[in-house]
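Let's take a walk through this fold together. Have the sequence and the 3D view open side by side.

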Amino acid sequence: SPEACESEVAKALTTKHPRVARIAMEPDTRRLEPGDDHVVMLLGQGAVQRAAGMNAEPFSYACEVDSRNGRVLSVKTSV
């Protein structure tokens, strides 16, 4: 589900930037693309505030999901 992917995206951003103050996903940017061997890619965008008082920066993400069981296989973010 998109929510499961975006939850993993938030975890990845928090790992990269431990002082994250805010993460906002942009649901209208979600896009599904087929992948190889029962994998579906969810692509999207959002904004992250790396620490309190900092400006929010846009980011994009790609989430690989196994279409057979809905399990999130991997997440990539770029800020």
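What follows goes from the sheet to the helix and then to the bond between them.

A quick word on ground rules: this is a predicted model, where local features need pLDDT of at least 70, side-chain atom pairs count only at pLDDT 80 or more, and totals for chains, interfaces and linings use all residues. Residues are numbered from 1 along each chain as its sequence is written, and side-chain values use heavy atoms, with hydrogens and water left out.

Start with the sheet. It is an open one, with four strands in the order 1-2-3-4 and antiparallel pairing. Strand 1 (22-34) and strand 4 (72-78) sit at the edges with a single partner strand each, so one side of each has no neighbour in the sheet. On average, neighbouring strands here are turned by 20° against each other, direction ignored; the axes behind that angle are lines fitted to C-alpha atoms, for helices over the stretch in contact, and angles run from 0 to 180 degrees between N-to-C directions. Strands count as paired if DSSP finds at least two bridges between them, and strands (E, at least two residues) and helices (H or I, at least four) are DSSP runs numbered from the N terminus. For a concrete pair, look at strand 3 (residues 57-66) and strand 4, which run antiparallel over six bridges. Tyr61 has Thr77 in strand 4 as its bridge partner.

Now swing over to helix 1 (residues 2-16). Its 15 residues reach 21 Å from the first C-alpha to the last, close to the 21 Å expected at 1.5 Å a residue (the expected span is 1.5 Å times one less than the number of residues). Cys5, Glu6, Val9 and Leu13 are buried in this helix, where buried means under 20% relative accessible area, exposed over 50%, and partly exposed in between (1.4 Å probe, protein chains only). Seen down the axis of helix 1, the buried residues fall within an arc of 95°, so they line one face; the arc is that of the directions from the helix axis to the C-beta atoms. The face turned away from that buried side carries the exposed Glu3 and Thr15. What covers the buried residues of helix 1? The cover includes strand 1, strand 2 (39-49), strand 3 and strand 4, with contact meaning heavy atoms within 4.5 Å.

Finally, the disulfide, counted as a pair of cysteine sulfur atoms within 2.5 Å. There is one by this rule, joining Cys5 to Cys63 with an S to S distance of 2.3 Å. The two cysteines belong to distant parts of the chain, Cys5 in helix 1 and Cys63 in strand 3, 58 residues apart. The torsion about their S-S bond is about -80°, so the disulfide is left-handed. Cys5 counts as buried at 1% relative accessibility, and Cys63 is buried at 0%.
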